[in-house]
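Visitor: Please give me a close look at a single part of this model, and explain each term as it arises.

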Amino acid sequence: MSQVVLEKIVKSYGEVDVVHGIDLTVDSKEFVVLVGPSGCGKSTTLRMIAGLEEISGGKLSIGDRMVNDIAPKDRDVAMVFQNYALYPHLNVSENIAFGLRIRKVDKEEIKRSVSEVAEILGLTNYLDRKPADLSGGQRQRVAMGRAIVRHPQVFLFDEPLSNLDAQLRTQMRAEIKRLHARLGVTSIYVTHDQVEAMTLADRIVVMSAGRIEQIGTPMELFMNPVNRFVAGFIGSPPMNQIKATIVAGVDGPEAKISDSVSIPLSRAEGLASATGQSVIVGIRPEDVLLEAAGGEPSVPLEVNLIEPLGSEALIHASVGGEPFVIKTPTHGDIAHLNDIRQFHVNVDRVKVFDEKSGSALYQADQARG
Amino acid sequence: MKNASRTRWLIQHFKREWQIYLLLAPLVIWFLLFLYKPMYGLQIAFKDFSLFKGVDASPWVGLEHFRSLFDSDMFLRAIKNTFIISFLNLMIGFPMPIILALMFNEIVQGKFRKTVQTIVYLPHFISLVIIAGIVINIFSPSTGVVNLLLMKLGFEPIYFLTQPEWFRPIFIGSGIWQEAGFQSIVYLAAIAGVSPSLYESAVVDGASRWQMMWKITLPCILPTIIIMLIIRIGNLLEVGFELIILLYQPATFQTADVINTFIYRQGLVGNQYDVAAAAGLFNAVVAFVLVMTANSISRRFTRTSLW
Amino acid sequence: MRAMKLPLALAIATTVGLSAPLFAADEDYRIVDKPLTLTIHFHSGDKIVYDSDWPVEKRAAELTGISLDGVASMATQKSADAFNLMIASGDLADIVGGNRLKDGFNQYGQEGAFQPLNELIDEHAPNIKAFFESRPDIKSAISAADGNIYYIPYLPEGDFGRMYFIRQDWLDILELETPKTVDELYKVLTAFRNDDPNGNGKKDEVPFLSRDWEEIVRLVVLWDARTTGSDTFHDYYVKDGKVVHGYTEEEYKTGMMNLAKWYQEGLIDPEFFTRGKRSREVLFGDNLGGMTHDWYPSTTSFNDSLADKVPGFNLKAMPPPASPSGRQLEEHRVIPVKPDGWAISYTNEHPVETIKYFDFWFTDLGRRLSNFGVEGVHYDLVDGKAIFKPEVLNASDPVNAQMWNVGAQIPKGFLQDFEYQAQWTNEMGLESIALYEAGDYLTEQFLGVSMNPDEQNVYDKYQGNLLTYMLEMQQIWILGTEDVEAGWDKYQEQLDKLGYNKIIDAMQSAYDRQYGS
C-alpha cells in the first residue's frame, strides 16, 4: 500500500495560513497533479508531504503510517526538484547513486541499480559526465534517475519541467508518463501549467489560495468545472465568461447578455426558479459553431483579430461589448473568418455560474468525459 | 597603406571608446607607479647602494649580496623558519576559517549566530601592537591567564615567550585568533551561494547534517577554497612579520626569525638596503615560483585556477 | 673650495670680529651685514623639527644676521626616515642636522653630500678650533675615515647617567647593610626575595628589575666583565689599546653563569624580556621592586612621586658593588660627544657664513643661548654665571622640556653646560652625583671609529648577524635553556664563524689610524 492521505492539512507561517486544511487521498499507483497559479500553496503542500516543511495542522499518512513527525528520509519518498538539484561536483553516476550511498547500500548493488536506471533513462553513455556538461533534458533525466533508483513508495515532482524549453517539455512529459506506466509508483506532481496537468494526470487537484477548488480526472475538470476559477484555469484558451441575467424565454430560461442577445438554456429545468438572477455564462472557445448545424441559437459578434495557429485559428471578438475568443478549424484558409458576423452556441455545452459565489449552477452536459 | 589605415582605425577607436580607457586609466597608472616603477629599484640588490649616489650611480657588485646572504647561517635559518612557519600556518591556519564558516553555517538561531560572528570578527579590527600586548599579557609567567591556569592545575609556570619551542604555536595561534573569523566571511559567502535545493534533495535522500557538510557544502565551496589556497600559497613566504617582530626575543630567534624579520633588521635597523633588497628579491622569486606551481597543479587536477 | 671664492676682505674682517673680548657687544657677533636666510633640515628624536619661531633662533638671528628656515616637517614621524628621504631625493637643505646622524654625515660626506669642514674651521671658526685643540680625542672620534670632519657634534657635559639604586627602606626593615661586594649583593637580593620586605606575606618581591633588559645583562660587570664601551648597549670597547667586545671574554662567561643562577633563584625580574618600559612605575609602584640600575634624575624622582602610594619608599644610590677582583665600575656614563649635530650640505652657497654661524654657538653668549635660553627671559646673568629664572625652575614642566620648546638644548652642534642640569637636579640627584664622583667609578669611553669603505663593508657584512647571535645566546643562557659552561666553546667557534675576528681587524685598523697607536 502506498496510498498518500492528507487530512485537514494546514500550513501557517506565524499568523498567516498559506494552506487552509486540505483533504486529499492519492491512491496507490495513481498519478495526481497539483495545479494552480503561483502562490496557491501547491508546492508547500508537496514539500509538507516530502517532509521539507513542517505540518502546522492535520494529519498526513503515507502507506498506513502517519508521518507528520517522521523525518523525510524515513518517509520513503523521492523528490525531483525544479532546478534538478544535481551535485555539481559529482558525475551522473555518482549523482544517481547519492541516495544509496548515504544509505550505505552495498557497492555492487549500487552499481547494478545505477546502470539499470541509466538504461531506463537513456543515460548510459553519460554516466561519467559532470552536470555542467549535460543538456537541460539530460539533467532532468538524471534528477529523475536519482529519484527512481531508490525505489520509493512515492515520487514527488516539484515543477520538474519548468526550466525546459517548450519542445523538450513536451518530450519529457511523454517520458514521465511512460515511466509512470512502467514503474507504477504513486506520484504527486506539482505544476502551474494546466497542459502538463491535463496530459499527465490520472487525477488533477486544482488549487487556489491555499484551498482545493476541485479534484477530478482531466476530462471531468474540463467538462464540468465546479466554479469559475477551475473553468478559467483548465483549458486553453480559457473558457469565455460572459455576464448575463436569467430571464424566462419562450422555451424556458435564457441567459440574457444584452438587450438584443440571449442564449437559450433550454434543458435547464433547475434554472427556472433562478429567473432574474445575475450569472456568468461560460462557453469554451471550442464549443462555438460558426455555421449552424440545425436550430442552434445564434449570437452576433464583432471580430477584432484573427490569430492563425495553423490547423486552427483563434478569433478574438467581442460579444455585447465583452471580449470573446473562438477556436475554430481553418481548413487551410483564414480569409473568410474576418467576415463572420455571428456564431451559434452548442447549448449542451454551456455552463452557468452564480455571479456572486462563482460556483456552477448548471452543468449542461453531465460527466460525458 | 596598411599602417595608415591602422592608425585611422586607432584614432577612430579611441574617439569612440575614450570613456572606457578613462575608466581604466587610474588602475593602470596605479600599477605602473606603485608596482612597476619600484621594480627599477630592485637592481640595488646587485649594487653597492648609497642613498646619496642613488640607484643609477651606485656601483655594480654582481651577486655579492646574494653570496653573503647564503654564506650566512642566520639567513639560512631564516629561510628554514620561514618555510616551517608558513607551512604550519598553511596546515593549521588555512583550514580554520573554513571550519569556522562551516560551524557558523550550522548555527540556525539568528541572534546567537550574529553574536558569535561578531566576537570572532572583532580581533581583525584590533591593531597588531595591541594584539601583541594581549598575547604577551595572556602568556605572562606571573599574571597571564595561561600560567595562572597551569599553576592551578599544579604545573610550574612557563615563560612562554622566551621558549623557542613555544614561539611557533603562540604565533600561529594568535594569527588564527586574529584573522580566522574575518577570513571565514569569504567561505560563508560561498556557502550562501550553494542552492538550498541541494540540501533539500539530500534531506529527502536521507543525508545527516554531517553528511551534508562533507558531501555537499564542502565540495560546493571547493573552488573557492582552492582559489583562496592558491592566493595563500602566493603569500606563503609573507609571514606576518610585524607580529613576529612584536613577539620575538633574541632567545626565540632560533625558531622565530624569518626572512622578513631578517630583512627588517638588515635594512631598517642596519641601513643595508642593498642586502635587504637581495633578500627581498629572493623571497619574491620563491613566492612567484610557489604560486605558479600551485596554480598549474590546481588547473590540472581541479580545473580551478587564478588565470 | 667654495670658501676661496669669497672676498678675502670679508673673511679677514669677520675673523677679526670673532676674536671678541669676554663681554662683547651684540654687534660683535654679527656675521653678515645684509640679513641672510639659510634653510635647515633638522629632524630629531622623532619629535623635534627646527622651528624658525623659537626664541633662541630669533635671538641668534638678531645677533648674527643669519636666520634659519626649518624645512623638515613632522609629517614624517621618524627622524631617520626624514633624513634618508632627504638624502635619497638629493635635494639637501643648506644645513642638515639631527640626532644619530654621525654615520650618515660621514658616509654621505665622503660621497660628496656634505662639505668637509676642516679648512673652514681652521680659517673661520676660532672657538670650534679651540675646542678641538683641547679635545683631540673628540676630534678623532668625529672624523670620517678620509680624515675629514663633516659635522659639528652635540657635546654633552656631565658624566653621570645610570647608577645603582637600592631600596634603603627595605634594607632598614630587614636590618641589612648596603652591599659592598657582589657576594653581599647576592645575600641582600636573596633576603629581598625570601624575607618579605614589603610585608604583605607573599613571596612576590622582584629583587632586581630594569625597564631595559640590557641593564639586566649589564650585571655581568659585577663579575669583571664588560658589556659595552660607550653609551650604546652591546658596543665594542678598548682594552689596552685593542678593540674587543665584552661578550667574547672569559669574565663574561663567569658573569653569565652567575646571572643564570640569579635568574633561576628569582633574584632578577622573571619577566624582564617582556616587562617593557614602564616596569619601574609598575614594580616600584606596587611595592614589589627592590633594586635597579637606571638614570639618576628619573629614578630619584620616584621617592617623591611614590611617597603617598608606598609609605616610606626610599630609593637610594649605592656605589657599584665590588667584583671578585675588587673592581668597582660604573660602566655607564654620559658620552662626551653624541653622534648628533649638524653639517653643511654640498648645495650650501655660503659655507663661510655657515661655519661662522656654527662657531657662534661655541662663543660664551652662543653657548648660554643654547643651554639656558634667552637672557632676561629664561635666565639672568649673575656674576658672569647664567642662572635660571625662578619661574623656569618652578614651572610644572621639567626644565629640559621647557628648553626644547624654545629651541635650546636641541642636539645641534653645541657644547652643553652641566650647570644647566645641576640647577634643576633635586637634592637626591646631587647627593648621588657626589657619591659617584667621590668613588671615581667611571671609565674611559670608546668614542667609535671611522672606518674606510673596505672596513665598513666588513663591519656591515658581519656585525648584524654577529650581534644577533650574541644576544640570542645571552638570553638562552640567562633563561637557563642551555648551560653556559657546556656551550662556551661552541659559542666561541660560532663567533669566529660569524666574522668576529674580521670585524675586530677592521675596527682595529680604523682605530689605529684614527687615534694613533
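**Chain C and its neighbour**

Guide: Chain C has 517 residues and a radius of gyration of 25 Å, which agrees with the value near 24 Å for a compact globule of that length. The radius is taken over C-alpha atoms, and the globule rule is 2.2 Å times the number of residues to the power 0.38. This is a predicted model, in which local features need pLDDT of at least 70 and side-chain atom pairs count only at pLDDT 80 or more, while totals for chains, interfaces and linings use all residues. Residues are numbered from 1 along each chain as its sequence is written, with chains lettered from A and ligands numbered from 1 in the order in which they are written.

Along its principal axes, the C-alpha trace of chain C spans about 80 × 55 × 40 Å. The chain holds 24 helices and 14 strands; these are DSSP runs, numbered from the N terminus, with helices (H or I) of at least four residues and strands (E) of at least two. An automatic or database assignment supplies the domain bounds: domain 1 of chain C covers 2-154 + 339-415, and domain 2 covers 453-515. The centres of these two domains, taken over C-alpha atoms, are separated by 37 Å.

Of the residues of chain C, 47% count as buried. A residue is buried if 20 or more other C-beta atoms, placed from the backbone, lie within 10 Å of its own, exposed if 12 or fewer do, and partly exposed in between. Two residues are in contact if their C-beta atoms, placed from the backbone, lie within 7 Å. Among contacts in chain C with a separation of 6 or more, 78% join residues 24 or more positions apart.

Chain C also meets chain B, where 22 residues of chain C are in contact with 24 residues of chain B. On the chain B side, α13 (253-256) and α14 (259-269) each supply at least two residues. That side of chain B has ten nonpolar, twelve polar and two charged residues. Here Ala, Val, Leu, Ile, Met, Phe, Trp, Tyr, Cys and Pro count as nonpolar, Asp, Glu, Lys and Arg as charged, and the others, Gly among them, as polar.

Chain B touches chain A as well, with 15 residues of chain B in contact with 17 residues of chain A. The largest share of this side of chain B, seven residues, comes from α10(B). By class, the side divides into eight nonpolar, five polar and two charged residues.
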